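Open your viewer, load the model and set it to a plain cartoon. We will begin with the whole chain and then visit a handful of residues, one stop at a time.

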Amino acid sequence: IPGNYYVTESLISSLRDHSGKVRLESALALGRIRDPRALPKLVASLDYPQEDTNITASKVDAIFALATDENKRLEAFSAVMDEFLRDDVDGMTKFGIISSLLDNMGPKTTIPLIIEMFKEKDTYAEMASKIIVETIGTPAIPYLQIYLKHTNNKIRNEVSKCIYKLTGKWE
């Protein structure tokens, strides 16, 4: 169905449906169809309030599926980052974005975003730490060490805890 106007438009409008399952399936289908008209609407849909982490991750995955060349990948990354950095985006939406970025862009690009989550309330800082320790693991250490001299005490403390959990040594 690539390029079918009515299918794409119907799926785009479903990104705002009240049902999380409908929003999830719409994002997945848009990623498979790869109609570039969906890209701005997928980005705009990231602001759905209190969105489930899996749905947000699926939306970001669909955004990257539409980014077929390096320039479009950079545009997609930029659009997703604009959404991530908005002050009114809740922590769960940010985790959905991080989850997808980790898959699509790798740890080098994603770890700085995870580190930013340490500034959030403690629940989100704990979740960020868990992503680093359980999902990325020891490959995260060189990236984490950069933040041991950060000006924000909370970031330094959380990074130090992550390194300890990964190595058994305090830095």
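A word to settle before we start: a residue is called buried when its relative accessible area is under 20%. By that cut-off, 46% of the 171 residues of the protein chain count as buried. Please keep in mind throughout that you are looking at a predicted model.

**Stop 1: the whole chain**

Colour by secondary structure. What do you find in the protein chain, and how many helices and strands are there? The count is 10 helices and 0 strands. Follow the chain from the N terminus and the elements read α-α-α-α-α-α-α-α-α-α. The radius of gyration is 17 Å, close to the 16 Å that the globule rule gives for 171 residues, so the chain is as compact as a globular protein of that length. Turn the C-alpha trace along its principal axes, and the spans are about 55 × 30 × 25 Å.

Now show contacts, if your viewer can. Among contacts in the protein chain with a separation of 6 or more, 59% are between residues 24 or more positions apart.

Switch on the surface next. The accessible surface of the protein chain is about 9000 Å², and carbon and sulfur atoms own 52% of that. Colour by charge, and you will have 22 positive and 24 negative charges in view; their mean positions are 3 Å apart.

**Stop 2: S26, in helix α2**

Return to the cartoon and select S26, which sits in helix α2. Is S26 buried or exposed? Its relative accessibility is 4%, so S26 counts as buried. Display its surroundings: beyond residues up to four places away in sequence, S26 touches L11, S14 and L15.

**Stop 3: the loop after α2**

Move on to the loop between α2 and α3, where you can select R34. Check its backbone angles: phi of R34 is near 60 degrees, a positive value in a residue other than glycine. For background, most residues other than glycine have a negative phi.

Next select R37, in the loop between α2 (20–33) and α3 (39–44). With 32% relative accessibility, R37 counts as partly exposed. Show side chains here, and look for the polar contact of 2.3 Å that joins those of R37 and D35. Then try the distance tool between the C-alpha atoms of R37 and L66: these residues are 29 apart along the chain, and the separation is 9.3 Å.

**Stop 4: S100, in helix α6**

Jump to helix α6, residues 91–105, and pick out S100. S100 has a relative accessibility of 1% and therefore counts as buried. Which residues is S100 in contact with, leaving aside its neighbours within four places in sequence? Select A57, V60 and D61 to see them.

**Stop 5: Y124, in helix α8**

Our last stop is Y124, in helix α8, which covers residues 122–136. At 11% relative accessibility, Y124 counts as buried. Show its partners as sticks: not counting residues up to four places away in sequence, Y124 touches G91, M92, F95 and M117. Finally, draw a line from the C-alpha atom of Y124 to that of V43; the two residues are 81 apart along the chain, and these atoms are separated by 23 Å.

Notes: Residues are numbered from 1 along each chain as its sequence is written. This is a predicted model: local features need pLDDT of at least 70, side-chain atom pairs count only at pLDDT 80 or more; totals for chains, interfaces and linings use all residues. Side-chain values use heavy atoms; hydrogens and water are left out. Helices (H or I, at least four residues) and strands (E, at least two) are DSSP runs, numbered from the N terminus. The radius of gyration is taken over C-alpha atoms; the globule rule is 2.2 Å times the number of residues to the power 0.38. Buried means under 20% relative accessible area, exposed over 50%, partly exposed in between (1.4 Å probe, protein chains only). Contact means heavy atoms within 4.5 Å. Accessible areas come from the Shrake-Rupley method with a 1.4 Å probe; for residues, only the protein chains shown count as cover. Lys and Arg count as positive and Asp and Glu as negative; His and the chain ends are not counted. The place of a charge is taken as NZ of Lys, CZ of Arg, CG of Asp or CD of Glu. A polar contact is a pair of N or O atoms within 3.5 Å; within protein, one must be able to donate a hydrogen and the other to accept it, and residues adjacent in sequence count only if both atoms are side-chain atoms.
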